[in-house]
Protein chains: 2
Amino acid sequence: MQFSDEYFMRIALQQAEIAFDEGEIPVGAIVVCQNQIIAKAHNQTERLNDVTAHAEMLAITSAAQTLGSKYLKDCTLYVTLEPCVMCGGAIFWSQLSKIVWGASDAKRGFQRVQPSIVHPKSRVVLNVLQSECEEILKRFFEKLRT
Amino acid sequence: MQFSDEYFMRIALQQAEIAFDEGEIPVGAIVVCQNQIIAKAHNQTERLNDVTAHAEMLAITSAAQTLGSKYLKDCTLYVTLEPCVMCGGAIFWSQLSKIVWGASDAKRGFQRVQPSIVHPKSRVVLNVLQSECEEILKRFFEKLRT
C-alpha cells in the first residue's frame with residue numbers, strides 16, 4: 001500500500017498545493033524511479049513568465065538531471081491533471097514507462113487531441129485520486145472569480 | 001527583401017550550424033517581433049541532458065524573458081525543422097502569430113500527428129529555404145554514421 005499510485009499522487013497533490021499558494025494554476029507532478037521520488041515540481045508559468053513551465057516539463061527536466069540521463073525509461077510520472085499536448089510530447093521524448101494522472105482535462109488534455117502522442121509502450125493510468133485533483137482546480141478557479 | 005522570411009530563416013540556419021558544431025541535431029530557431037530578433041536558440045538536448053531543450057522551446061522561453069510577457073502574440077517563430085508535437089503544443093500556449101519552418105519532418109512533425117495542435121489563428125508558412133534546412137540535417141546524420 002505504501003508505494004501505491006495513490007501514495008505517490010498524494011505527493012503530487014502537495015506540489016499542486018504549493019502552486020495554489022503561489023497563485024499558479026494548481027498542478028503538481030513528481031517522477032518516481034524504483035519507488036524513489038527523483039523529481040518534484042509544480043506549475044510555475046506565472047513566476048517564471050514562461051508558458052512552457054508546466055509541472056510535468058519541470059519534473060521531466062529535473063528527473064533527467066537527477067539521473068544523469070535524459071531518458072526516463074523505468075520511471076513513472078504522477079501528475080494531478082491530464083497532460084496537455086506539449087507535455088504529452090515531452091513524455092514521448094523522455095521515454096517514461098508509465099504516466100498516472102488525477103483529473104482529466106476535457107479541453108486541453110492530449111488524449112482529446114490525439115491519444116497516440118504518448119508512446120504506445122508507455123502505460124497510462126487515469127483518474128487516481130480524481131476527486132481531490134479536481135477539487136483543488138475548482139477551488140482555484142472559484143477563488144479567481146471572487 | 002531585407003526582412004523577408006528567407007532573411008530570418010538564414011539566421012535560424014546559423015543557429016542550426018552552432019548546434020551542428022556542438023554535436024547536437026542541427027535545428028535552429030529565432031523569434032522575431034516587429035522585424036527585431038528577440039531570441040535565438042539552437043537544439044541543446046545533449047548539452048543540457050534534457051529532451052525538452054529543443055530549439056523552439058528555448059527560443060520561446062527566451063523571447064518571453066526579453067519581452068517580459070509570456071505571450072508572443074505579435075511574434076514570428078522561424079525554425080529550420082518542422083516542430084514536433086511538444087514544440088507545437090508550446091507554440092499553441094505562447095500564442096505566436098506566425099510560424100515559419102524550413103524542412104518538413106515526415107516522422108515527428110506535429111502536422112502528421114495533428115495539424116490542429118497549433119492555434120487556428122496562427123499563420124503557418126512551410127518550406128522556406130527548405131533545401132538548406134534539409135541539407136544540414138543530412139550532413140549531420142551522414143557524419144554520425146561514419
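This report looks at two helix packings and two buried residues in the structure above. Please keep in mind that the model is predicted.

**Where the two chains meet through helix 3**

Let's start with helix 3 of chain A and helix 3 of chain B, each made of residues 85-94. Their axes lie 7 Å apart, and the packing angle is about 160 degrees. Angles over 145 degrees count as roughly antiparallel, and helix 3 of chain A and helix 3 of chain B are therefore roughly antiparallel to each other. The crossing of these two helices is left-handed.

Which residues of helix 3 of chain A meet helix 3 of chain B? From chain A come A:V85, A:M86, A:G89, A:A90 and A:W93, and they meet B:V85, B:M86, B:G89, B:A90 and B:W93 of chain B. Sorted by class, this contact has eight nonpolar residues, two polar residues and no charged ones.

**Helix 2 against helix 3 within chain B**

Inside chain B, helix 2 (residues 55-67) packs on helix 3 at an angle of about 20 degrees, with the axes 9 Å apart. Since angles under 35 degrees count as roughly parallel, helix 2 of chain B is roughly parallel to helix 3 of chain B. Helix 2 of chain B also passes helix 3 of chain B in a left-handed crossing.

On the helix 2 side, the contact is made by B:E56, B:M57 and B:I60; on the helix 3 side, by B:M86, B:C87, B:A90, B:I91 and B:S94. The residues of this contact divide into six nonpolar, one polar and one charged.

Here are the two packings together:

| Helix pair | Angle | Axis separation |
|---|---|---|
| Helix 3 of chain A and helix 3 of chain B | about 160 degrees | 7 Å |
| Helix 2 of chain B and helix 3 of chain B | about 20 degrees | 9 Å |

**Two buried residues of chain A**

Now for A:E56, which sits in helix 2 (residues 55-67) of chain A. An unreviewed UniProt entry annotates A:E56 as "active site". Is A:E56 buried or exposed? Its relative accessibility is 4%, so A:E56 counts as buried. Beyond residues up to four places away in sequence, A:E56 touches A:A29, A:L77, A:V79, A:L81, A:P83, A:C84 and A:C87.

A:K98 belongs to strand 4 (residues 98-103) of chain A. With 14% relative accessibility, A:K98 counts as buried. Setting aside neighbours within four places in sequence, A:K98 is in contact with A:D5, A:C75, A:T76, A:L77, A:Y78, A:R123 and A:V125.

Notes:
Residues are numbered from 1 along each chain as its sequence is written. Chains are lettered from A and ligands numbered from 1 in the order in which they are written. This is a predicted model: local features need pLDDT of at least 70, side-chain atom pairs count only at pLDDT 80 or more; totals for chains, interfaces and linings use all residues. Side-chain values use heavy atoms; hydrogens and water are left out. Axes are lines fitted to C-alpha atoms, for helices over the stretch in contact, and angles run from 0 to 180 degrees between N-to-C directions. Helices (H or I, at least four residues) and strands (E, at least two) are DSSP runs, numbered from the N terminus. Angles under 35 degrees count as roughly parallel, over 145 as roughly antiparallel, 65 to 115 as roughly perpendicular and the rest as oblique. A crossing is left-handed if the near helix is turned anticlockwise from the far one by less than a right angle, and right-handed if clockwise. Contact means heavy atoms within 4.5 Å. Ala, Val, Leu, Ile, Met, Phe, Trp, Tyr, Cys and Pro count as nonpolar, Asp, Glu, Lys and Arg as charged, and the others, Gly among them, as polar. UniProt positions are given in the numbering used here, feature names are shortened, and annotations may be inferred rather than shown by experiment. Buried means under 20% relative accessible area, exposed over 50%, partly exposed in between (1.4 Å probe, protein chains only).
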